[in-house]
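I opened a fresh page for this one and kept my notes in the order I looked things up. Pull up the model and follow along.

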Amino acid sequence: MERVSTGISGLDKLIGGYPKGSCVLISGTAGTGKTIFALHLAQATCAAGKKAVYVAIEEKRSNLITQASMFGWDLDAYEKKGLLKFVSVLESRMADAKYQFDSYGSEGGFSTIMEGIDGDVDVVIVDNLGILALEMSMSHFRQQLDYLVYALSYRGCTTLLICDETTMVKFGEVATYAVDGAIRLMKRDNAYTDSRERAMEILKMRHTKHSIDYKLFEITDKGISFVD
Ligand SMILES: Nc1ncnc2c1ncn2[C@@H]1O[C@H](COP(=O)(O)OP(=O)(O)OP(=O)(O)O)[C@@H](O)[C@H]1O
Ligand SMILES: [Mg+2]
């Protein structure tokens, strides 16, 4: 099976990369490193000369460019080369805010995500799907997610869906079933060292042999790196 580099060397060693054409869900509480996780994939994809679309739902393009530059990654240059495209759902969300206030209670969908993806794209990143799911019922969420996963897979895209923990508490079980792979990021207490540490857990990765142990990682000036 063909694999797509995650951009995180420790993770590539662990799972051999994301299965090409799969849809992988990254979840975690605030500040656990979800966006940085996604930036690794964008950087690695473009560095390999492939095309990526980053659907930014809650952060401005400029913030993502700045965060990436802290790790020495020039996403702006990839955009200029036509390898990377930022789709900012933030602006249209804010423009829609008044309408949404007025029609409070109406259920939206994930169609805005597909609208930004045109032509041949290798990798799609959606950060953060949870924002579009705030008002959804369980059945509506499942139906929307199933179609999104199907449509992206039909297009041959390897996809990283980011999802906040609040949405995972509400829809997590359903979301984890609907995707091909799922990784949960967390911050936890280490009782032995009396300190906090970052860890990730691979909940599932179809077609892949992997460890189910917690893997410790750090966020350094090079991005995410595994702790031995
Ligand atoms: N250059 C850096 N060096 C070390 N740690 C950093 C650096 N830049 C960011 N961080 C750490 O990464 C965290 C942010 O990571 P990230 O934005 O990926 O989290 P997130 O899970 O997407 O959060 P949110 O749910 O708020 O979107 C910061 O709170 C900080 O702890
Ligand atoms: Mg984030």
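**Loops with unusual backbone angles**

I began with His207, which sits in the loop between strand 9 and strand 10. For reference, helices are DSSP runs of H or I with at least four residues, strands are E runs of at least two, and both are numbered from the N terminus. Before going further I noted that this is a predicted model, where local features need pLDDT of at least 70, side-chain atom pairs count only at pLDDT 80 or more, and totals for chains, interfaces and linings use all residues. Residues are numbered from 1 along each chain as its sequence is written, while chains are lettered from A and ligands numbered from 1 in the order in which they are written.

His207 is not a glycine, yet I read a positive phi of about 65 degrees for it. Is His207 buried or exposed? His207 is exposed, because 11 other C-beta atoms lie within 10 Å. The cut-offs I used are 20 or more other C-beta atoms within 10 Å for buried, 12 or fewer for exposed, and partly exposed in between, with C-beta atoms placed from the backbone.

Next I went to Asp194, in the loop between strand 8 (181–190) and strand 9 (195–205). Asp194, also a residue other than glycine, has a positive phi, near 55 degrees. Asp194 has 7 C-beta neighbours inside 10 Å, so I put it down as exposed.

I then looked for a cis peptide bond and found one from Asp127 to Asn128, with omega near 20 degrees. Asn128 belongs to the loop between strand 6 (123–127) and helix 8 (129–132). I flagged these spots because most residues other than glycine have a negative phi, and most peptide bonds are trans.

**Leu129**

One step along, I stopped at Leu129, which lies in helix 8. Leu129 counts 25 other C-beta atoms within 10 Å and is therefore buried. What does Leu129 touch, not counting residues up to four places away in sequence? I listed Leu161, Ile162 and Cys163 as the contacts of Leu129, a contact being two C-beta atoms, placed from the backbone, within 7 Å. I also checked Val55: Leu129 and Val55 are 74 residues apart in sequence, but their C-alpha atoms are 9.4 Å apart in space.

**Tyr78 and Leu83**

I took these two together, since Tyr78 and Leu83 are in contact. Tyr78 is part of helix 4, and Leu83 is in the loop between helix 4 (75–80) and strand 5 (84–88). Tyr78 is buried, with 21 other C-beta atoms within 10 Å, whereas Leu83 is partly exposed, with 19 C-beta neighbours inside 10 Å.

Setting aside neighbours within four places in sequence, I found Tyr78 in contact with Cys46, Leu83 and Leu84. On the same basis, Leu83 is in contact with Cys46, Lys51, Ala52 and Tyr78. Two C-alpha distances went into the margin: 9.5 Å between Tyr78 and Ala52, 26 residues apart in sequence, and 9.0 Å between Leu83 and Ala47, 36 residues apart along the chain.

**Helix 2 against helix 3**

At what angle do helix 2 and helix 3 pack? I noted about 80 degrees for helix 2 (residues 34–47) and helix 3 (residues 61–69), with the axes 11 Å apart. Here the axes are lines fitted to C-alpha atoms, for helices over the stretch in contact, and angles run from 0 to 180 degrees between N-to-C directions. The two helices are therefore roughly perpendicular to each other, a label that covers 65 to 115 degrees, with under 35 roughly parallel, over 145 roughly antiparallel and the rest oblique.

Helix 2 makes this contact through Thr35, Ile36, Leu39 and Gln43, and helix 3 through Leu64, Gln67 and Ala68.

**Around ligand 1**

Which residues come nearest to ligand 1? Of the 13 around it, I wrote down Gly31, Lys34, Thr35, Ile36 and Ile219, where near means a C-beta atom, placed from the backbone, within 6 Å. Helix 2 and strand 10 (215–220) are the elements that give two or more residues to this shell. Helix 2 gives the largest share, three residues.

**The whole protein**

To finish, I zoomed out and counted ten helices and eleven strands in the protein. The C-alpha trace spans about 50 × 40 × 35 Å along its principal axes. Buried residues make up 40% of the 228 residues.
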